Number of protein chains: 4
Amino acid sequence: MKAAVFVEPGRIVLTDKPIPQVGPRDALIRVTTTTICGTDVHILKGEYPVVRGLTIGHEPVGVVEELGAAVTGYSVGQRVIAGAITPCGQCHSCLGGNQSQCGGKPMGGWRLGNTIDGCQAEYVLIPDAMANLAPIPDNLTDEQVLMCPDIMSTGFVGAERGGVRIGDSVAVFAQGPIGLCATIGARLRGASQLFAVDGLNERLTVSRHLGADTTINFREQNPVDAILSATNGRGVDVAIEALGTQSTLESCLRVLRPGGVLSSLGVYSGKLTLPPDAFAAGLGDHSIITSLCPGGKERMRRLMNVVESGRADLRPFVTHRFKLDQIEEAYDLFANQRDGVIKIAITT
Amino acid sequence: MKAAVFVEPGRIVLTDKPIPQVGPRDALIRVTTTTICGTDVHILKGEYPVVRGLTIGHEPVGVVEELGAAVTGYSVGQRVIAGAITPCGQCHSCLGGNQSQCGGKPMGGWRLGNTIDGCQAEYVLIPDAMANLAPIPDNLTDEQVLMCPDIMSTGFVGAERGGVRIGDSVAVFAQGPIGLCATIGARLRGASQLFAVDGLNERLTVSRHLGADTTINFREQNPVDAILSATNGRGVDVAIEALGTQSTLESCLRVLRPGGVLSSLGVYSGKLTLPPDAFAAGLGDHSIITSLCPGGKERMRRLMNVVESGRADLRPFVTHRFKLDQIEEAYDLFANQRDGVIKIAITT
Amino acid sequence: MKAAVFVEPGRIVLTDKPIPQVGPRDALIRVTTTTICGTDVHILKGEYPVVRGLTIGHEPVGVVEELGAAVTGYSVGQRVIAGAITPCGQCHSCLGGNQSQCGGKPMGGWRLGNTIDGCQAEYVLIPDAMANLAPIPDNLTDEQVLMCPDIMSTGFVGAERGGVRIGDSVAVFAQGPIGLCATIGARLRGASQLFAVDGLNERLTVSRHLGADTTINFREQNPVDAILSATNGRGVDVAIEALGTQSTLESCLRVLRPGGVLSSLGVYSGKLTLPPDAFAAGLGDHSIITSLCPGGKERMRRLMNVVESGRADLRPFVTHRFKLDQIEEAYDLFANQRDGVIKIAITT
Amino acid sequence: MKAAVFVEPGRIVLTDKPIPQVGPRDALIRVTTTTICGTDVHILKGEYPVVRGLTIGHEPVGVVEELGAAVTGYSVGQRVIAGAITPCGQCHSCLGGNQSQCGGKPMGGWRLGNTIDGCQAEYVLIPDAMANLAPIPDNLTDEQVLMCPDIMSTGFVGAERGGVRIGDSVAVFAQGPIGLCATIGARLRGASQLFAVDGLNERLTVSRHLGADTTINFREQNPVDAILSATNGRGVDVAIEALGTQSTLESCLRVLRPGGVLSSLGVYSGKLTLPPDAFAAGLGDHSIITSLCPGGKERMRRLMNVVESGRADLRPFVTHRFKLDQIEEAYDLFANQRDGVIKIAITT
């Protein structure tokens, strides 16, 4: 089968691989649609290390091709998605409610395209299939559910773990795909004063369309000043960091009211600094909560419900479409953020 | 009246002041017992700025001397305590559940000995008396409730906001008065594997007496290695920081399991750095929760119940006793941590 | 001044009373708009006992006329609302987070038109004014904020204490003013499959307009069967009871999934029965959570923000308008639910 | 193998059965110790229906005899327990945090001795072994962990889901094995005023030994009056029902403060009535939370930690010991509550 494989920093190439063998708890999925994540670009650039030869990709939409001997409750031919995070459901971490940290290892639940072969391929093996295969409602297309495995789950958890409540003021820093989904999530949970911050006006236009009340282009105005001013100096109840930089993290702290929550989604590659004045020297009752994308089939079921109910329409996120054969071209476009790309649908 | 007043960095002196005028929502308390806090030493050294001439002290035990015109429900002569934090109960922050951040200002609830005159004096004015005066049960002595206003409330909130549950592994870094109370608090909430870390063996002896299962002198062994080893590499569910340094904060992160909570009580005077490897680059579902001492009369009532029930006996914390007349001497002893001092009772 | 006073069961009459004296913690409000609540009708009918001579009404919109001597932070002439529930903010219950149960008494926070004179009058005294007066944003009319003191606060708390999450299935039983607001609240918190049940098709039309996905007229079909069928037998995550009858409570239990939450808003006048099969004999991990309307100025501020942001537009609730002089006529219309009445605005 | 089988109401007999076949996700456990639960007596009496021929028992301590083909991470010969509730970990309910309601069915997680053969036998098949087998620490005996699968897990969850906090007043109604464990649990979570109610003085002696502050024999005094008096009319923060009768449930409501939580553990066989005066007609912000015993290997691991740490010593619960051969005699003793029996250890 064809698979997009990490060869060395700078090179992800389409190559041939054998179709994987199905273990007793696995399912083999024929991939119909997948996409490229910002994390995959980090892998491409060698910023996030994976073993050479690994198939990349963690956002699978497809059809059940074969089921492991111990897997019950599914049938061959079913349309399914699996989350980017594929918890086993049966280890101490999963049973204790930390499914993303499956096995008790940091990010342990992120296996596809990280510690095992991923889904930018014709076929992908889903581990612990019974915990992870989520049937797609008949009336939803592949593209309608393509954001569920990662983008939507991650963005929403920013609002969820931030504890956004009806009537809250919320600021979301960065409006890439994750940040846009955090904006949708904050709106869905009842934020009534919602700030979206980014440096691209076209992104901010999308933010407004998705529910932001106020958009702030940080190249045009200081977002900290703007938000403090708009809240009469009060600050926001929840600030969501959706990029992974010192600057956005620090801005989140500086717009947060005493007692507020900084919900962090970013992947930080360097040291972070917390200036004491920005969090009241530790006496402001602030919380900093980091979250990894929740996975598992129940999460996917709920997110697909949100799509099906019309509460969130993420189809506009797919700005470009490529065949798997053209995936190297797709990486080139996405890694360089050309042509207003938000997300790319890759079909087989 | 006599009052211990901040004159300039390095000098807190006992001086004469007029007895304060009682406003309509205030109560005047004749102080019978109070104590010196580590924060007061920061003030003494000029590390925490207050206005010159301010009376220091935020841990009052005393007797109602006079009640404001609008104050009902109390009577002159009642024995009472008030918390270090004196929330008004009626502002947006207080009504929203952020009483320590009263008025929406960072640390806004900390008024005594910070923004208004404190209680290292013969009399102290308690603002918003109806929210703050907590009658002392008859069978408790001044010394038995002396830790309630700050030390006990702060230490316990470390365990409470850390969300310690029955069966948790918990590490408390630093075993000063606050850390010792955090150890008690973690034990009271059901921690079943409780590590206490400090550099003084005499403190660690107290920790064991108060409920720590394992004590670690960081001068003798690496606490991170020791804790990871004792938890079979799993890490702790909750790590409580009770000092306010880069080193203890970082150690907390390094012993924390994915999905765990770092509950921070320390006052940080410099920049803090979060090394990305210590919190899984933001993907470990970690929480960092900072807390200021909860106050208000309901908090004080509950803490005094804990004392009255015998669940916690903090009398051994009082290692030294001085009269208010000798308070400069008491500061000298406490600031230099001589003679195994934990806390000093100051009586009038 | 004119005031609507309970005389005896069956009679609330407009009468003359002296303007109240302002105590030190009170504020006198000149009422500009108020409304009649279903609870007032219970009082009228003698089903809910109050003392004879009491002024009825707990939903005040008005202007500050006079402030008590101990009240700071407000000025005469300000437009304000106060909640139906007026917590003191300073008792053990309030400081412990149970503001509606102020003073530790059941419903202790409900004072206006219950234990003290209410606001169906030209003037009303607001107790503990500093905790309760909420300034109205200039751009909002009286009618826009008229639902905040009770209807909106009560309905929303049904969704809030029910713990509605993004992607939940939620059923709201009864679509009177409270139930309609519960429907809005559930939608605002992210319910993605929202059932509204009532016996009046005109009410259900409003429900759909406010965000219900599916409406069920219980006179036309069995709501339990309909909801179980629409959820493929799974049941709902949260069921909200908004009427106060055995039948609606029991239906809530019967549509609830194991582990689900029944959030109860109704006032029950008789014994309630829980059939063991409807809650798995106590082994289904169900929760039954009852809630009284939250009050206090912070709650009011947040609700007015929701209105101001456009997230909820409750102006259509006002179906009829009367002058205070005509309030007996208004009671007659409202008590008999004539003419499609939802809520009546009473102006002075 | 020998197995205690339900034949008909009134008869559980020891009989011969084939050793079960091991499916791919199962484990076969050789039972070394088990016990009889109050629920088993309900089965015996025909009050809780199970199919005829079913092996009874849901509290297994034993040794791994054989592992299914898909089971990894365990080895033959390991000493293990499994919870009374054996969640799969991989269905929507389990992944959503409702493991006891596995499969979305009420009590769906209770399989052993209910919907599949149980462990009052020489061997028992544990379903979904990877989620359920919990290795026993070497230093703990069978009897030390015998209460973990059900009694301890159920009793503790009463305190946990009741949200007991440091400084709470808590009442536990009924001091059978579950109620005694609820008393331990409430103490472990920090209750500082703990009432235990029962009709047997010998049970109440055990309660006091386990941490109750005040014991009340309901045959000697009215527990509602006694508790209200001891709390100065305030009521308790949390009331735990540990029997399953109208009388105890109603007493719980009557001692509960406004805003308090009734945590219900009982199995109710008849209709329950909630008198409106006992829960403020639905306006007291009360919660009624029912819970089924939590299971799964992570829960078992944590409970065994509590035992290992010495926080709870449940060995005194084992008042009698029988061999499996004598199990009919054991049932007779236990069902008739003769001879001061609390729990019986059955060994093979």
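# Reading strands, helices and chain contacts

User: Which residue of β11(B) stands opposite B:V170?

Analyst: The residue opposite B:V170 in β11(B) is B:V238. Before going on, keep in mind that this is a predicted model, in which local features need pLDDT of at least 70 and side-chain atom pairs count only at pLDDT 80 or more, while totals for chains, interfaces and linings use all residues. Residues are numbered from 1 along each chain as its sequence is written, and chains are lettered from A and ligands numbered from 1, in the order in which they are written.

User: How many bridges pair strand β8 with strand β11 in chain B, and in which sense?

Analyst: First, the names: helices (H or I, at least four residues) and strands (E, at least two) are DSSP runs, numbered from the N terminus. Two strands pair if DSSP finds at least two bridges between them. Here β8 (residues 169-173) and β11 (residues 236-241) of chain B pair over four bridges, in the parallel sense. Chain C offers another case: its β8 (169-173) and β11 (236-241) are parallel, with four bridges, and the bridge partner of C:V170 is C:V238.

User: What order do the strands have in the open sheet of chains A and B?

Analyst: Read the sheet from one end to the other, and you will cross from chain A into chain B. The twelve strands come in the order β10(A)-β9(A)-β8(A)-β11(A)-β12(A)-β14(A)-β14(B)-β12(B)-β11(B)-β8(B)-β9(B)-β10(B), and the pairing is mixed. At the edges are β10 (214-217) of chain A and β10 (214-217) of chain B, each of which pairs on one side only. For angles, axes are lines fitted to C-alpha atoms (for helices, over the stretch in contact), and values run from 0 to 180 degrees between N-to-C directions. Ignoring direction, neighbouring strands of this sheet are turned by 15 degrees against each other on average.

User: Where does helix α6 of chain A lie?

Analyst: Contact is the idea you need here: two residues touch if their C-beta atoms, placed from the backbone, lie within 7 Å. Helix α6 (177-188) of chain A lies across β8 (169-173), β9 (193-198) and β11 (236-241) of that chain, and runs at about 170 degrees to β8(A). In chain D, helix α6 (177-188) crosses β8, β9 and β11 of chain D, at about 170 degrees to β8(D).

User: At what angle do helices α5 and α10 of chain C pack?

Analyst: Angles under 35 degrees count as roughly parallel, over 145 as roughly antiparallel, 65 to 115 as roughly perpendicular, and the rest as oblique. Helix α5 (148-161) and helix α10 (297-308) of chain C pack at about 80 degrees, their axes 10 Å apart, and are therefore roughly perpendicular to each other. On the α5(C) side are C:C148, C:M152 and C:S153, which meet C:R299, C:M300, C:L303 and C:M304 of α10(C). By class, that contact has five nonpolar, one polar and one charged residues. Ala, Val, Leu, Ile, Met, Phe, Trp, Tyr, Cys and Pro count as nonpolar, Asp, Glu, Lys and Arg as charged, and the others, Gly among them, as polar.

User: How many residues does the contact take from chain B and from chain A?

Analyst: The contact takes 39 residues from chain B and 39 from chain A. On the chain B side, β12 (256-264), β13 (272-274) and β14 (287-290) each supply at least two residues. That side has 16 nonpolar, 18 polar and five charged residues. Strand β13 (272-274) of chain A is joined to β13(B) by three bridges, running antiparallel, with A:L274 opposite B:L272.

User: What turn lays chain B on chain A?

Analyst: Two copies of a chain are related by a rotation about an axis and a shift along it. Copies are superposed by least squares on the C-alpha atoms of residues with pLDDT of at least 70 in both. A turn of 180 degrees with a shift of 0.0 Å along the axis lays chain B on chain A, with an RMSD of 0.0 Å. The two copies are thus related as by a two-fold rotation axis. The same surface serves both: 100% of the contact residues of chain B recur in chain A. Chain A is likewise superposed on chain D by a rotation of 180 degrees and 0.0 Å of shift, at RMSD 0.0 Å. The C-alpha of chain A nearest that axis belongs to A:G89, 2.4 Å away.

User: What does the domain assignment give for chain A?

Analyst: Domain bounds come from an automatic or database domain assignment. For chain A it gives domain 1 (2-146 + 314-347) and domain 2 (153-290). Their centres, taken over C-alpha atoms, are 28 Å apart, and seven residues of domain 1 are in contact with five residues of domain 2.
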